[in-house]
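Thank you for making the time this morning. I would like to walk you through one structure, moving from the overall picture to a few single residues.

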Amino acid sequence: MNRLPEEDAALSERTAAQPSGCRWCGIPKRPHARRWTAAAGWHAWQAPTDAQILARMRARRARRLAARIAACAPQEARAAA
Ligand SMILES: [Zn+2]
């Protein structure tokens, strides 16, 4: 069974930033060419599934929201650190 990037515990920042990135490695179509991953071996860019796009967009939104909250409450963020 092949592993998709979303099956990893956390989406990498790069993968979350590219909702339309490759199904196997998250790299956008244009710079992709042929890549190797343990899951898919050598492969050309392949469209992500709807579930992958949704997961990436959600991860990106959550990251932005966390950054905005940290910016709005710098004292709390500092106290927590
Ligand atoms: Zn790929």
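**A first walk through the model**

Of the 81 residues of this protein, 16% count as buried. Please keep in mind throughout that what we are looking at is a predicted model, so I will begin with the confidence values before I turn to the fold. The mean pLDDT of the protein is 82, and 70% of its residues reach 70 or more. Among the elements, strand 2 has the highest mean pLDDT, at 96, whereas helix 4, which covers residues 74-80, has the lowest, at 63.

Which elements are there, and in what order do they come? The protein has four helices and two strands, and if you read from the N terminus on, they run α-α-β-β-α-α. As for contacts along the chain, if we take those with a separation of 6 or more, 44% of them are accounted for by residues 24 or more positions apart.

Let me now turn to the two strands. Strand 1 takes in residues 34-37 and strand 2 takes in residues 41-44, and they pair in the antiparallel sense over four bridges. Together the two strands form a hairpin, with three residues between them. Which residue of strand 2 is the bridge partner of W36? The partner is W42, so if you have the model open, that pair of tryptophans is a good place to find the hairpin. As a general point, the side chains in a regular strand alternate between the two faces of the sheet.

Staying with the hairpin, A40 sits in the loop between strand 1 and strand 2. Because A40 has 17 C-beta neighbours inside 10 Å, it counts as partly exposed. A40 is also 16 residues away from W24 in sequence, and the C-alpha atoms of these two residues are 6.5 Å apart in space.

The same tryptophan, W24, comes up again when we look past strand 2. A47 lies in the loop between strand 2 and helix 3, and its C-alpha atom is separated by 9.0 Å from that of W24, although the two are 23 residues apart along the chain. Is A47 buried or exposed? It counts as exposed, because it has 12 C-beta neighbours inside 10 Å.

On the other side of the hairpin, in the loop between helix 2, residues 29-32, and strand 1, we find A33. Phi of A33 is near 50°, which is a positive value in a residue other than glycine. A33 has 9 C-beta neighbours inside 10 Å and therefore counts as exposed.

Two prolines deserve a moment as well. P28 is found in the loop between helix 1, residues 13-17, and helix 2, and with 14 other C-beta atoms within 10 Å it is partly exposed. Leaving aside its neighbours within four places in sequence, P28 is in contact with Q18, S20 and G21. In the case of Q18, which is 10 residues away along the chain, the C-alpha atoms are separated by 6.6 Å. The second proline, P31, has its place in helix 2 and is exposed, with 8 other C-beta atoms within 10 Å. The C-alpha atoms of P31 and W45 are separated by 9.3 Å, with their positions 14 residues apart along the chain.

Finally, I come to helix 3, which runs over residues 50-72. At 1.5 Å a residue, its 23 residues should span 33 Å, and since its end C-alpha atoms are 33 Å apart, the expected and modelled values agree. Within helix 3, the residues Q52, A55 and R56 are buried.

Technical notes: Residues numbered from 1 in each chain as written. Predicted model: local features only at pLDDT ≥ 70, side-chain atom pairs only at ≥ 80, totals over all residues. Pairing = 2+ DSSP bridges. pLDDT = per-residue confidence, 0-100. Expected span 1.5 Å × (residues − 1). Buried ≥ 20, exposed ≤ 12 C-beta atoms within 10 Å, placed from the backbone. Contact = placed C-beta atoms within 7 Å.
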